[in-house]
Amino acid sequence: MSAAEQNPLLEGLRLRRRPDPCILVIFGASGDLTSKKLMPALYALAVRDLLPEKFGVVGAARTQETNDDFRARMKEAVQQHARDPFDEETWSKLATGMRYVTLDFADDKGEDELKDVLTSLDEEQGTSGNRVYYFAVPPSAIGTLVDEIAQRRNAEGWIRLVIEKPFGHDLASAKALTAEIKQHFAEDEVFRIDHYLGKETVQNMLALRFANGIFEPIWNRQFIDHVQITVAESIGIENRAGYYEQAGAIRDIFQNHLLQLVAITAMEPPIDFSADSVRNEKVKVLKAIHTPGPKHLVRGQYGPGFVEGEQVRGYREEEGVAPGSMTETFVAAKLYVDNWRWADTPFYVRMGKRLARRETTIAIQFKRAPHPPFEDGAAEGLRPNVLLIHVQPNEGVSLAIGAKVPGQGMTIRTVHMDFLYGGTFREGLPDAYERLILDAMLGDQTLFTRSDEIEEQWALVDAIIGLWQRDRPSFPNYAAGTWGPAASDELVHRDGRSWRRH
Ligand code: NDP
Ligand code: BG6
């Protein structure tokens, strides 16, 4: 029995057809994402026998490497980062179809060489001219590459372009990139990745809301007091200063992952689970988000501190960061989704690096019971009902309810009903990239973002950045290992509420 047959978590995947033969071309193959995520995800798919029967991988970047160097480096990456124990036979099968091309995107010669390598790999592996081009590169490099690919397009075989976030640097550049891509490729050939959409727990939000009759009737302003979304990371910027100094927290996570979580939480039920139906509903939410006023926005930058017991340096002391950098590493905001379902219901959101711990949660806090008929003091320990979606870690869902403390009298306390993935399903959760790479090969765009979604996200972010031009906060304004600047707490306290502490 194959791993896929033994594994109930893969039930859904097994029911899907196997992808057509194809070659996956990774631009940015010398980068962090390829080693940490893409190659381990491919290996996990190979272990579960989910890759196309005829398959090849070509890495491309400026760094000089031979095919053997590339294979050796990728093997090490898999040994270090894959979620499965290393199996030489599975690896060898995958590595046989692996090639590397040294290529500067600004240089035509490398593109010609890439085309030759692809043609000969087609002959060897039987991949029929089908291509998935994965752009694991900074947004500025994408336009040129897209033109080059279009010029060398084969008559036979399909093409899919998988483009990493952030898509563009602002609304104008995102629109320009879309226009450039549209000259050569149709929207159904473009897969804009936001890997949060590939996370099991994010997809489970859709299952929770739309596969259960009990939540939808109360999923609105009448019953919900407010929503809190936290995307907290304990890591700093690692070795990505070059990228992060340009992006900051607002472009790195707020513009994409965080706004997608808001959209999934707030969207109307789609008429079906097709890519366009789901994306139509998300885009309506994004359009309905008000630009928050300056009082409803907080930005921060970490200074030195202690994270999980270890002393760490401040952002300005990180390698490659300018000593007086004004790049934000934390953002909190109070957002309103201006429609019938959510009018006047705040969505408090916050995200940042070097916070107290890694934790992504969506908390739906319900209104208090209107008239608890208990004696004075009986319900003092009772907090409002909260539905808490643990996106990561400790993936699961928890519902806080009031329950009677056993014994004489009537004392009520908050208890939790928990569903934990780890306790219910046998195998560890697949990484988001496994799902998304497979979906791109299958041509399923449901978990990818459409150009209009991206444009709505940028419109909001551009407006926020515009507001930020008016002042110059005093950075750093939070110590590493805390929950961000004091102003983030004030944002919520002003409304008589507080951030959840778990
Ligand atoms: P890195 O800086 O580590 O890698 C960038 C890659 O692009 C390198 O392989 C570099 O190759 C290549 N590259 C850049 N410019 C050129 C050029 N002109 N010609 C040829 N190759 C070029 O970035 P990451 O891997 O971290 O990120 C890549 C993308 O993935 C970004 O858009 C990021 O937002 C996104 N992403 C990253 C995540 C992560 O965890 N790292 C998570 C989610 C998304 P070389 O230097 O050899 O030329
Ligand atoms: C990436 C950001 O998109 O997401 C990184 O560029 C961040 O800065 C990462 O660390 C977080 O992803 P995850 O899956 O670990 O929450």
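Helices (H or I, at least four residues) and strands (E, at least two) are DSSP runs, numbered from the N terminus. The model is predicted, and local features need pLDDT of at least 70, side-chain atom pairs count only at pLDDT 80 or more, while totals for chains, interfaces and linings use all residues. Residues are numbered from 1 along each chain as its sequence is written, chains are lettered from A and ligands numbered from 1 in the order in which they are written, and side-chain values use heavy atoms, with hydrogens and water left out.

**View 1. The loop that holds Pro-393.** Pro-393 is found in the loop between strand E15 (386-392) and strand E16 (396-404). The peptide bond that joins Gln-392 to Pro-393 is cis, with omega about -15°.

**View 2. The loop that holds Pro-476.** A cis peptide bond runs from Phe-475 to Pro-476, and its omega is near -5°. Pro-476 has its place in the loop between H14 and strand E18 (478-479).

**View 3. The loop that holds Arg-354.** Strand E13 (346-352) and strand E14 (359-366) are joined by a loop in which Arg-354 lies. The phi of Arg-354 is near 55°, a positive value in a residue other than glycine.

**View 4. Surroundings of ligand 1.** The shell around ligand 1 has 22 residues (a residue is near a molecule or strand if one of its heavy atoms lies within 4 Å of it), and the closest are Ser-30, Asp-32, Arg-62, Thr-63 and Lys-165. By type, the shell divides into 11 nonpolar, 5 polar and 6 charged residues. Here Ala, Val, Leu, Ile, Met, Phe, Trp, Tyr, Cys and Pro count as nonpolar, Asp, Glu, Lys and Arg as charged, and the others, Gly among them, as polar.

**View 5. Polar contacts of ligand 1.** A polar contact is a pair of N or O atoms within 3.5 Å; within protein, one must be able to donate a hydrogen and the other to accept it, and residues adjacent in sequence count only if both atoms are side-chain atoms. Ser-30 places a polar side-chain atom 2.7 Å from an oxygen atom of ligand 1. The backbone also takes part: an N or O atom of Gly-31 is 3.0 Å from an oxygen atom of the ligand, and a backbone N or O atom of Val-137 is 3.4 Å from an oxygen atom of the ligand. On its own, ligand 1 has 890 Å² of accessible area, of which the protein covers 80%. Accessible areas come from the Shrake-Rupley method with a 1.4 Å probe; for residues, only the protein chains shown count as cover.

**View 6. Surroundings of ligand 2.** The residues around ligand 2 include Lys-165, His-195, Tyr-196, Glu-233, Arg-240 and His-257. The shell of ligand 2 divides into 2 nonpolar, 3 polar and 7 charged residues. An oxygen atom of ligand 2 lies 2.6 Å from a polar side-chain atom of Asp-252. Side-chain N or O atoms of Lys-353 and of Gln-392 are each 2.7 Å from an oxygen atom of ligand 2. The protein covers 85% of the 400 Å² of accessible area that ligand 2 has on its own.

**View 7. Helices H11 and H14.** The axes of helix H11 (residues 275-288) and helix H14 (residues 451-468) come within 9 Å and cross at roughly 15°. Axes are lines fitted to C-alpha atoms, for helices over the stretch in contact, and angles run from 0 to 180 degrees between N-to-C directions. The angle therefore makes H11 roughly parallel to H14; angles under 35 degrees count as roughly parallel, over 145 as roughly antiparallel, 65 to 115 as roughly perpendicular and the rest as oblique. H11 passes H14 in a left-handed crossing, meaning that the near helix is turned anticlockwise from the far one by less than a right angle, whereas clockwise would be right-handed.

**View 8. Helices H10 and H14.** Helix H10 (residues 241-266) packs against H14 at an angle of about 135°, with the axes 10 Å apart. H10 is therefore oblique to H14.
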